[in-house]
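Trainee: Could you take me through one part of this structure slowly? I'd like to see how charged side chains pair up, and then how that part fits with what surrounds it.

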Amino acid sequence: MNENNPTSSPGPYASTPWPERLKKWLRAHPKTSIALGIFLTFDLLVWLILFAGLPSVEEIKAFKPHSTVKAGRINWSKRSADSIRIYVPLAKISPLLQQAVVISEDDLFYQHHGFNLPMLKEAMRVNFEKKRYVRGASTITMQLARNAFLHKRKTIVRKLRELVLTGRIEEALTKKQILEMYLNIVEWGEGIYGAEAASRFYFDKPASQLTLAETSLLAAMLPNPIYFNPYKRMKTCGRMQKRVLDLMTLSRVITAEQARAAGPSAIWLRGTPAPVAEPAPQDSSTTSLSPAELDFPDREEEQTSSAVDSLRTPE
C-alpha cells in the first residue's frame, strides 16, 4: 500500500457502524437534518392521505359487488333491504343500455385510460367562467372508483384518492369488466342500485329485455338519479332522454326514425296503466347540453351514500 496516496487511507468513520456515522453526520448538519425530517414527514402524510386503505390491484381484481336480494319478483312496497342490487353479468344487460350509458356518460371510455382530458379541460373552463362547480369530468372508471370504494363527500382529498384508485382500476380490469361492475353499482334511484334492479323497479322486466326507449330513459337518469325520477318528473326526464337519443343518433348507433319512436310515449312505468307523458318537444335546443348545463341539483350532493357502505374502505 502506498501510504503517501491519500485515496488509499481509510476515512475517519471507516470503522464506525453506519447508524453511528449517520447520527454524527446529522449532528454536524442540524439545518439539513431538520429539512430532511420535514420532507420525510410530509412524504409520510401524503402517503397516508392518498394511499392508506385503498384496495390494491389484486384486491380490485377479486372484488365483486354482492346482490342484496334474490333475483325474481320483488315486493317493492315491502322491501327486504334498504338498498336493492341484483348483480348480473354484462351479457345479461341490454347492449342498448351499455351503448346509451357509454355514449352519454363517457363517450371516450374505450379510448382513454381512466381520464378524459378533453372533458376535464372543458369542465375546468366552464367552472372557471361560472365561478362555481357546474360541470364535472368524471369518467365511468372514476365514478366506479367513487361509488365502489370511496365516500361521496366532495373534498380535495377524496378527489385525489379517486384519481389514484382510477389508475389502479384501469390496471386491474378490462374495459368490459369495468363497465360490468359500474352498471351493477351505479345508483338509479333512491335505494336502487345497478341495471337489473333499476329495470325491474321501473319496467318490471330483466335488464336483458329493455327496449331502446327504456334504456335511453335509464341512461338519462344517471347525471342525478334522485332528481331525475320519471315517476315525479317525467317531462324533465323526457328532455334528458331526448339528449341521449340524439347522441346515439349522432354516433350512428340508432337511426333518427328509431329515436323519434323511442320517446316518453313509448314508455310504460311499472304500476302505471298508460304512458306517463307525451313525447318531448322535437326541439334541438337541449341536444348539445350536457347534464351539468341543465338546471338540477348536483349529482354528488343529491345521491345517498348508504348503499355501498359495506364496499368502501375506511378513509
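**Salt bridges and the helices around them**

Mentor: Let's begin with a pair: K61 and E58 join their side chains in a salt bridge, with 3.7 Å from N to O. Keep in mind as we go that this is a predicted model. Side chains of opposite charge can pair when their charged atoms come close. Now look at where the two partners sit. Both K61 and E58 belong to helix α3 (residues 57-62), and they are three residues apart, about one turn of the helix. How open are they to the outside? K61 is partly exposed, because its relative accessible area is 46%, which falls between the 20% and 50% cut-offs. E58 has a relative accessible area of 54%, so it counts as exposed.

Next, hop over to helix α9 (residues 195-203), which holds both R200 and E196. These two are four residues apart, again about one turn of the helix. Their side chains form a salt bridge with 2.7 Å from N to O. Is E196 buried or exposed? E196 is buried, because its relative accessible area is 4%, and the cut-off for buried is under 20%.

A third pair is R260 with E257, whose side chains meet in a salt bridge at 3.4 Å, N to O. Both sit in helix α12 (residues 256-261), and because they are three residues apart there, about one helical turn separates them. Here R260 and E257 are both exposed. Salt bridges with shared partners also link R146, K159 and E162 into one network. In total, the structure has eight salt bridges.

Now let's follow the chain out of α9. The loop between α9 and α10 contains D204. Its phi is near 55°, which is a positive value in a residue other than glycine. D204 counts as partly exposed because its relative accessibility is 40%. You can find another case in the loop between α11 (234-250) and α12, where R252 has its place. The phi of R252 is near 65°, also positive in a residue that isn't glycine. With 77% relative accessibility, R252 counts as exposed, because the cut-off for that is over 50%.

Back to α10, then, on the other side of the D204 loop. What does α10 meet? Two packed helices are described by the angle between their axes and the distance between the axes. Helix α4 (residues 95-105) and helix α10 (residues 212-221) have axes that come within 9 Å and cross at roughly 35°. That crossing is right-handed. On the α4 side, the residues in contact are L96, L97, A100, V101 and S104, and on the α10 side they are L212, T215, L218 and A219. Sorted by class, this contact has seven nonpolar residues, two polar ones and no charged ones. So after all those charged pairs, here's a patch with no charged residues, because none of the residues in the contact of α4 with α10 falls in the charged class.

One last thing before you zoom in anywhere else. The chain has a mean pLDDT of 78, and 71% of its residues reach 70 or more. Over residues 277-315, though, pLDDT stays under 50. The model does have 96 contacts beyond four places in sequence for that stretch. Still, where pLDDT is low, the predicted coordinates should not be read in detail.

Key: Residues numbered from 1 in each chain as written. Predicted model: local features only at pLDDT ≥ 70, side-chain atom pairs only at ≥ 80, totals over all residues. Heavy atoms only, no water. pLDDT = per-residue confidence, 0-100. Contact = heavy atoms within 4.5 Å. Axes fitted to C-alpha atoms, helices over the stretch in contact; angles between N-to-C directions. Left-handed = near helix turned anticlockwise from the far one by under 90°. Salt bridge = Lys/Arg side-chain N within 4 Å of Asp/Glu carboxyl O. Buried < 20%, exposed > 50% of the residue type's maximum accessible area, 1.4 Å probe, protein only.
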